[in-house]
Amino acid sequence: MSGTVCLTFDFDSFAGALPGGSPGDLARAEFAAAGVPRILNLLEHRAILSTWFIPGHTVQTYPALCRDIVRAGHEVALHGYAHENNSRLTAREERQVTRHAFEVVADLLGEAPKGARTPSWDLSAATLDILTELGLDYDSSLMAHDYRPYFVRQGDHHRVEGPSALGNPSPLVELPISWSLDDWPAFETNGRGRPLQNARLVFENWRDDVVYMLRDFQDGVVTFTSHPEVTGRGHRLLGYERLVDELRQMGVAFARMDSVVQAFLAGQSYGEYRPEHGSFRERPPGGAGM
Ligand SMILES: [Zn+2]
């Protein structure tokens, strides 16, 4: 079966070490700028377009580098202004920060950005409203599926005394992510999980998620998340190159997130579970007695 991979890059740079980063933290963050041209060249050589989530602070600190990203045809989407943990902001602060980030990125692009990934990889009670007020089409911060875009729900009610009641779909499309398909927990020493893993093994995991998708899902789409300060190191870049080349040989398509979302909104179906063997299928919540 066919499938799509969205290569995404979170160009956090200094914003990822603020506020209060030590000189060492800031220097680690600064390495992102060394990684960006390496990644751009890797993608250019293979004619692959990708999506970059860039804090407004990084756009203003590295305007020339960010223009390179745009000129190469990649998408730029929101990632806070100074990589704020939106889950710890008041609704008013989050709205202010997100609007500021929106203006900075829109200025870079010469048009409105289409999507956002929250720095916390989480939504606050206010995030959904803020993103839809700004006219964004999609978010990429949640993990409820791996191979299928879905509409973010509003008004879920979860309690311990009884079953969860799910709310209604909002207009915002979710392109889901996963910690297991993010370079940070696998490689960084202050991330979640066990760091400094062997790049070959980590990218073998990523590849196998695609192998499984191609085998059992119709037109699945999966997201990889990388940071230039992490994947921009030599041994990881070589691993990443091998991964991308293997996936190309397997016939997957690479796409910017905004183009996947556009197709999804136009009715394209992604990620239907169709295993070769087995009679079980995915089921929504509820359906007692069925
Ligand atoms: Zn980030």
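How many helices and strands does the chain have? The chain has ten helices and eleven strands. Keep in mind as you explore that this is a predicted model. Along with the protein there is a zinc ion, coordinated by Asp12, His79 and His83. Here is a friendly tour, starting with the whole chain and then moving to particular places.

**The chain as a whole**

- The chain has 290 residues, and a compact globule with that many would have a radius of gyration near 19 Å; the chain has 19 Å, so the two agree.
- If you follow the C-alpha trace along its principal axes, it spans about 60 × 45 × 35 Å.
- Of the 290 residues, 50% count as buried.
- About 14100 Å² of the chain is exposed, and carbon and sulfur atoms supply 51% of that area.
- Take the contacts in the chain with a separation of 6 or more: residues 24 or more positions apart account for 73% of them.

**The zinc site**

- Which atoms hold the zinc ion? Asp12 contributes two OD entries to the list of donors, while His79 and His83 each contribute NE2, at 2.1 to 2.5 Å.
- Along the chain, these donors follow the spacing D-x66-H-x3-H.
- The angles among the four donor atoms run from 53 to 138°, and the site is classed as irregular.
- For comparison, ideal angles for four tetrahedral donors at a metal are 109.5 degrees.
- Are His79 and His83 buried or exposed? Both of these histidines are buried.

**Strand 9 and its partner**

- Strand 9 covers residues 220-226, and seven of its seven residues are buried.
- Both faces of strand 9 are covered. On one side you will find Gly220, Val222, Phe224 and Ser226, and on the other Val221, Thr223 and Thr225.
- Strand 1, made of residues 3-10, runs parallel to strand 9, and seven bridges join the two.
- To see one of these pairings, look for Thr8, whose bridge partner in strand 9 is Thr225.

**Strands 5, 6 and 7**

- Strand 7 (residues 168-174) is joined to strand 5 (residues 138-139) by two bridges, and this pair runs parallel.
- Strand 7 is also joined to strand 6 (residues 150-154), this time by four bridges in an antiparallel arrangement.
- Glu174 in strand 7 is a good residue to find here: it is the bridge partner of Asp139, and Glu174 is also the bridge partner of Tyr150.

**Backbone features to look for**

- Most residues other than glycine have a negative phi, and most peptide bonds are trans. The next points show some exceptions.
- The peptide bond from Leu18 to Pro19 is cis, with omega near -5°. Pro19 sits in the loop between strand 1 and helix 1 (23-45).
- Trp121 has a positive phi, near 50°. Look for Trp121 in the loop between strand 4 (115-116) and helix 5 (127-133).
- Leu196 also has a positive phi, near 55°. Leu196 belongs to the loop between helix 6 (183-187) and helix 7 (199-216).
- Is each of these two residues buried or exposed? Trp121 counts as buried because its relative accessibility is 9%, whereas Leu196, at 57%, counts as exposed.

**Two residues and their surroundings**

- Val261 lies in helix 10, which covers residues 257-265. Val261 is buried because its relative accessible area is 2%, and buried means under 20%.
- Which residues is Val261 in contact with, leaving aside neighbours within four places in sequence? They are Asp137, Tyr138, Val173 and Leu175.
- Val261 and Asn41 are 220 residues apart along the chain, and their C-alpha atoms are separated by 26 Å.
- Phe14 is found in the loop between strand 1 and helix 1.
- Not counting residues up to four places away in sequence, Phe14 touches Leu26, Ala29, Glu30, His57, Thr61 and Tyr62.
- The C-alpha atoms of Phe14 and Val252 are separated by 34 Å, and these residues are 238 apart along the chain.

Note on methods: Residues numbered from 1 in each chain as written. Predicted model: local features only at pLDDT ≥ 70, side-chain atom pairs only at ≥ 80, totals over all residues. Heavy atoms only, no water. Donors = N, O, S within 2.8 Å, 3.2 Å for Na, K, Ca; no water. Tetrahedral: all angles 85-135°; square planar, octahedral: opposite > 155°, others 65-115°. Buried < 20%, exposed > 50% of the residue type's maximum accessible area, 1.4 Å probe, protein only. Rg over C-alpha atoms; globule rule 2.2 N^0.38 Å. Contact = heavy atoms within 4.5 Å. Areas by Shrake-Rupley, 256 points an atom, 1.4 Å probe, with all protein chains shown as cover. Pairing = 2+ DSSP bridges.
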